[in-house]
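Please examine the structure shown below together with its sequence. The explanation that accompanies it proceeds from the overall fold to individual side chains.

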Amino acid sequence: MKKTMITLIAMIMIGTITTNAQSFWTEHDVRVSEHGVATVYSQIQYTYTIKETGFSLSPYVSTDYSWHEGLLFGNYQYEIFSGGVGAGLELINGKAGFRWSPWLRIAPEVDPYEGGILEILSQWEFGTGKGNYWYSNSLIYQARPDEEISGQFGFIHRRFYGVGPVGGIKWKNEKDFSITLKLGLFRDFEFDTVNLTPILTITF
């Protein structure tokens, strides 16, 4: 099963590269609990947009080095609204299972003078077995998004992390390459702990 999962991930990545993916996104964070336990979580996604239709395809993989998943998303965007559904496989303790994931994003311009954008994003994932689910709901304001350096702040509620404030800065160049570094402090009521989490995001 592990070889099957690795093969699926490789096919997704190679297949997307050969279709000239239009954008690449990767995010990495380190969730450090108050007990000193650090968990590294990594995500990678390519997006290939079907011109002038609003539709796109996004192969996606993520791992915390003890759990892995590979999904293929079909997405649609209309003005400030976007959403999609993905499906694929996950690998937990050497066992593979089906996993699917819906998501919805609304990103209106809320400050016409500065061009500020308020992003409301909800992501859910459902796997095989009882209690096998994940969610991430966020409300993030980005000030002056067209500037080379801009600020971001808001709140995130994410399973295994908790709920709390997050803030950081984003740097981008004229070729759509950007780096965002945020820091979040989350209270996890489900597992009764506090997590300090730096988050690094790269897009191009």
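The paragraphs that follow treat the fold, the nonpolar core, the aromatic pairs and several individual residues.

The model is predicted, not experimental. Its secondary structure consists of one helix and 13 strands. Followed along the sequence, the order is α-β-β-β-β-β-β-β-β-β-β-β-β-β, with the helix placed ahead of the strands. Of the 204 residues in the protein, 37% are buried. The accessible surface amounts to about 11,900 Å², and carbon and sulfur atoms account for 64% of that area. When contacts between residues at least 6 apart in sequence are considered, 37% of them join residues at least 24 apart.

The nonpolar interior may be taken next. In soluble globular proteins, nonpolar side chains tend to be buried together. The largest nonpolar core of this model has ten residues: Y41, Y60, W67, L71, F73, I140, I156, Y161, V166 and F186. Strand β4, which spans residues 67-78, makes the greatest contribution to this core, with three residues. I140, one of the core residues, illustrates the surroundings of such a side chain. Apart from residues up to four places away in sequence, I140 touches I117, L118, E119, Q152, F153, G154, F155, I156 and V166. Two of these partners, I156 and V166, are themselves listed in the core. Y161 is also a core member, and the charged end of R31 sits over the ring of Y161, at 4.6 Å from the ring centre. A second arrangement of this kind involves R187, whose charged end sits over the ring of F189, 5.0 Å from its centre.

Aromatic rings also meet one another. How many aromatic pairs does the model contain? The count comes to 13. In one of them, the ring centres of F24 and F204 are 4.8 Å apart and the planes meet at 35 degrees, so the pair is classed as tilted. F24 belongs to strand β1 (residues 23-33), whereas F204 lies in the segment after β13 (193-203); the pair therefore ties together parts that are 180 residues apart in sequence. The two partners differ in their exposure: F24 is buried, because its relative accessibility is 14%, under the 20% limit. F204, with a relative accessible area of 47%, is partly exposed. Both rings belong to a wider group, in which ring pairs link F24, Y46, W171, F177 and F204 into a cluster.

A further aromatic pair is formed by Y133 and Y135, which are stacked, with 6.4 Å from centre to centre and 20 degrees between the planes. Is Y133 buried or partly exposed? Its relative accessibility is 31%, so Y133 counts as partly exposed. Y135, at 14%, counts as buried. Y135 lies in strand β9 (residues 133-143). Leaving out neighbours within four places in sequence, the contacts of Y135 are Q123, W124, H157, R158 and R159. With H157 there is also a polar contact between the two side chains, at 3.5 Å. Y135 and P102 are 33 residues apart in sequence, and their C-alpha atoms are 9.9 Å apart in space.

Strand β13 supplies another buried residue with a polar contact. T201 is found in this strand and has a relative accessibility of 8%, so T201 counts as buried. The side chains of T201 and E27 are joined by a polar contact of 2.8 Å. Besides E27, T201 is in contact with W25, T26, S178, I179, T180 and K182, when neighbours within four places in sequence are set aside.

Finally, two loop residues deserve attention for their backbone angles. E52 is not a glycine, yet it has a positive phi of about 60 degrees. E52 is placed in the loop between β2 (38-49) and β3 (55-63). With a relative accessibility of 87%, E52 counts as exposed. F160 likewise has a positive phi, near 80 degrees, in a residue other than glycine. The location of F160 is the loop between β10 (149-158) and β11 (162-172). F160 counts as partly exposed, at 32% relative accessibility.

Note on methods
Residues numbered from 1 in each chain as written. Predicted model: local features only at pLDDT ≥ 70, side-chain atom pairs only at ≥ 80, totals over all residues. Heavy atoms only, no water. Phe/Tyr/Trp six-rings, centres within 6.5 Å; stacked < 30°, edge-to-face > 60°. Helix = DSSP H or I, 4+ residues; strand = E, 2+ residues; numbered from the N terminus. Buried < 20%, exposed > 50% of the residue type's maximum accessible area, 1.4 Å probe, protein only. Lys NZ or Arg CZ within 6 Å of the ring centre and 35° of its normal. Core = buried A, V, L, I, M, F, W, Y, C linked by side-chain atoms within 4.5 Å. Contact = heavy atoms within 4.5 Å. Areas by Shrake-Rupley, 256 points an atom, 1.4 Å probe, with all protein chains shown as cover. Polar contact = N/O pair within 3.5 Å; in protein donor to acceptor, adjacent residues only side chain to side chain.
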